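Colleague: I'm new to reading models like this one. Could you walk me through why things get the labels they do?

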Amino acid sequence: MQKKLMFSYLIIILAAVGISMFASWSKGYNYIGYQREEYHLMQAEMLADIFSEANLESFESFADIYSQKYGVRITIIGKDGTVVADSETTELLENHSTREEVIRALKGEHVSLIRYSQTMDKRYAYSAVPIHKGDFDGVMRISLPVSEFTSLNKNLFGTIMMTVILCMLGATLLAALFTRNLSKPIDDITKAAEGISCGDYETKIYTNDTQQLGRLAEAFNRMSDNLNTSVRALKRRNIEFEAMLKSMASGVIAIDNNDIVMFTNDVFSQMVECSKDKIERQPFYTFMRNSVLFQTITEVRDTKETVMREGTIALADEKMVRVTATPLLKDNNKNLGILLILEDITQIRKLENMRRDFVSNVTHELKTPLTSIRGFVDTLKAGAIKEEQVAARFIDIIDIESERLSSLINDILLLSEIESKEEQVVAPCNMDTVITDVIELLQSKIAHKNVVIVYNPKPDMGYYPANANRMKQLLINLLDNAVKYTEVGTITIQCEKKKNKLILCVEDTGIGMEEEHLERIFERFYRVDKGRARKTGGTGLGLSIVKHIVERYNGKIKVESKLNKGTKFTIELPY
């Protein structure tokens, strides 16, 4: 009976193994073919992505490098079918526009097929995808000889046959293995639990048991999947949170109810000049002592509402900050701590002060000529117009004040235009022509003075890329100042190219100025001698316009002056 059972068991095993072998061979052959297509198509897509993102020395080098790396033949084909690069030959290949995989890839398809290669004289498996890099559009194609897959199928068949033989030999040992098979799911669960405890959340338990052990394995696999999903979500959320903190331009810090720092960002670390390692998990008041922050935190804890304050923080440099404090609450309204956002508004406040000062100065400068004009107009209307000599003198004064007013408005508009607009016309500028034109323009102003303008052009000065009108405005303001403050003497202009820089110097032998004024002469409406400036018609904006034009071209301006000896302006403009 035992022999019959064993013989029947072997017959059943043989039949089952035979059917399994046939099904496995059929399915395995198809599966390998499908996986081969999918794998090589994925390789082609991956290489296309690398191709579009990489900094390439050449298409040939890309094909050679990644062909050796992935063990495939790589061909890069242009939109017109021209072979741009091939990893297996450097010869000029025929046009591939008629190849089936190229035609379909150029239409946007991702193609995988097997056909005979006339170039290599053997059957090849091809995978092709469209590629784009800069102005280049074409096809990335990878290929492998079909012979490699044939050997793989032979190995698969041999493996299956060996498996069948081993299974038949092992059938006689099945009785002894029943007990062992019963304990195997328990061993798998133990190993899987150990793997999860070490951080391997991909571990799975596979068993054919449908009773308690089977349900336990299924529950364990669900738990592993859920845990893996949760850990991934937490990691992703943590990465997003870190990226958000790093991208913020404001300083961010969160403290708990015990004033311990929970987290911060790099901007805050830079503000307080302390590394994140020395801030996080440390008491907030050990590295930050500021009454504005203390008051803000206290008010948030009292009101449990968002509070905003402005104040100064004395660090290496005193900074004006806007502090926004928000309570951190759970779903049950339990307070976790306070989130502080510190925005540096120092520059904003400086700009506001500059705007306020500018408006005040402009108002004052406009008010003076307007008051004068209004006064003389009222005098004329009161009867002075009937006295020809008086009326003529008043009208001349009104004309002078109107001219001052017009000059002031024009300078304000010009300064605003230079500050707010990009250069519309930038072209090679002949500086020799610009300087000559400006000198001719100012000849009328020096005609009644004992002043000489000296300019000796350099032969190798070349051209400077700039707006010629801007260069003229710069020179006009510098030379006009030199003429105004030089009654007798010489004004010297030098222009030359040194080490890829245009060096422009304007030097006079006029009245000069004291050193205390040198740091402020480029400020709007600043005048060294206000009485003389108003008498000569100056607006106080000339040197400010010069400075803004120099900064427009990323240049530098330097001034040297000595009282009653003269002034020298030196401008460096990079090419």
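Modeller: Sure. Let's begin with pairing: two strands pair if DSSP finds at least two bridges between them. Keep in mind that this is a predicted model.

Colleague: Okay, so what makes strand 3 and strand 4 a pair?

Modeller: There are 7 bridges joining strand 3 to strand 4 (residues 122–133). The cut-off is at least two, so they pair. The two strands run antiparallel, and Y116 stands opposite R123 in strand 4.

Colleague: What sheet has the order 2-1-5-4-3, and why are some strands called edge strands?

Modeller: That's an open sheet of 5 strands, with antiparallel pairing. Strand 2 (83–86) and strand 3 (111–117) are its edge strands, as each pairs on one side only. From one strand to the next, the twist averages 25°.

Colleague: Now V559. Why is it called buried?

Modeller: V559 has a relative accessible area of 14%. Buried means under 20%, so V559 counts as buried. V559 sits in strand 16 (residues 556–562). Leaving aside neighbours within four places in sequence, its contacts include L518, F522 and F569. F569 is 10 residues away along the chain, yet the two C-alpha atoms are separated by 4.6 Å.

Colleague: How do you know that C429 isn't in a disulfide?

Modeller: The closest cysteine sulfur, in C495, is 9.4 Å from the sulfur of C429. A disulfide needs the sulfur atoms within 2.5 Å, so that's too far for a bond. For C495, the closest cysteine sulfur is in C505, at 8.9 Å, which is also too far. A search of the whole structure finds 0 disulfides.

Technical notes:
Residues are numbered from 1 along each chain as its sequence is written. This is a predicted model: local features need pLDDT of at least 70, side-chain atom pairs count only at pLDDT 80 or more; totals for chains, interfaces and linings use all residues. Side-chain values use heavy atoms; hydrogens and water are left out. Helices (H or I, at least four residues) and strands (E, at least two) are DSSP runs, numbered from the N terminus. Buried means under 20% relative accessible area, exposed over 50%, partly exposed in between (1.4 Å probe, protein chains only). Contact means heavy atoms within 4.5 Å. Axes are lines fitted to C-alpha atoms, for helices over the stretch in contact, and angles run from 0 to 180 degrees between N-to-C directions.
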